[in-house]
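Thank you for coming, everyone. I would like to walk you through one structure, slowly, and explain the terms as they come up.

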Amino acid sequence: MKVNKNIEKPSYVMGLPVQEFIILVGYFLVLFILNNIIGSFGLVLGLWFWLFLIFSSWGLYLLLKWGAKQNYPGFLLSLFSFKFLQGKKVELRKFKIAVKR
């Protein structure tokens, strides 16, 4: 059976899977909009915020690019799921077994 490899390849933008690239752009936009909202109240965050925004976005890009090179599918989402969404221990709950006749 002939398989079209172009259909099976995941889409990449700037070396990142599309899903993680959207997360990176979303992170940048949320911080950018947060700065504008805080600025509308008269608080100026200044140069340190812009440096934090640039370097944290760049650091997140490098982390996600490293994860993509290691062939981790959905590196950031799987890390978030492992740290926060999955249970930390397995516990046995009481249950009843009924025999039907």
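**Two helices and a loop residue**

Let me begin with helix α2, residues 18-40, which has 23 residues and reaches 33 Å from its first C-alpha to its last, close to the 33 Å expected at 1.5 Å a residue; that expected span is 1.5 Å times one less than the number of residues in the helix. Before going further, I should say that this is a predicted model, in which local features need pLDDT of at least 70 and side-chain atom pairs count only at pLDDT 80 or more, while totals for chains, interfaces and linings use all residues. Residues are numbered from 1 along each chain as its sequence is written, and side-chain values use heavy atoms, with hydrogens and water left out.

Now the whole chain: the protein has four helices and two strands, and from the N terminus on they run α-β-β-α-α-α. Helices (H or I, at least four residues) and strands (E, at least two) are DSSP runs, numbered from the N terminus. Of the 101 residues in the protein chain, 19% are buried, where buried means under 20% relative accessible area, exposed means over 50%, and partly exposed lies in between, using a 1.4 Å probe and protein chains only.

Which residues of α2 are buried? They are Glu20, Phe21, Leu24, Leu31 and Asn35, and what covers them includes β1, β2, α3 (47-69) and α4 (75-85). After α2 comes Gly42, with a positive phi near 95°.

Helix α3 also deserves a look, with 23 residues and a reach of 33 Å from its first C-alpha to its last. Its buried residues include Phe49, Leu53, Leu60 and Tyr61, and the buried residues of α3 pack against β1, β2, α2 and α4. Just after α3, Asn71 takes a positive phi of about 60°.

How do we describe the pair? Two packed helices are described by the angle between their axes and the distance between the axes. The axes of α2 and α3 come within 10 Å and cross at roughly 170°, the axes being lines fitted to C-alpha atoms, for helices over the stretch in contact, with angles from 0 to 180 degrees between N-to-C directions. That crossing makes α2 roughly antiparallel to α3, a label for angles over 145 degrees. Among the residues that make this contact (heavy atoms within 4.5 Å) are Leu24, Tyr27 and Phe28 of α2 and Trp50, Phe52 and Leu53 of α3. By class, the contact of α2 with α3 has 12 nonpolar, three polar and one charged residues; Ala, Val, Leu, Ile, Met, Phe, Trp, Tyr, Cys and Pro count as nonpolar, Asp, Glu, Lys and Arg as charged, and the others, Gly among them, as polar.

Finally, is Met14 buried or exposed? Met14, in the loop between β1 (12-13) and β2 (16-17), is exposed, with a relative accessible area of 55%. Leaving aside neighbours within four places in sequence, Met14 is in contact with Phe21, Tyr61 and Lys65. The C-alpha atoms of Met14 and Tyr61 are separated by 9.5 Å, although the two residues are 47 apart along the chain. Phi of Met14 is near 55°, a positive value in a residue other than glycine.

Note on methods. Parallel < 35°, antiparallel > 145°, perpendicular 65-115°, else oblique.
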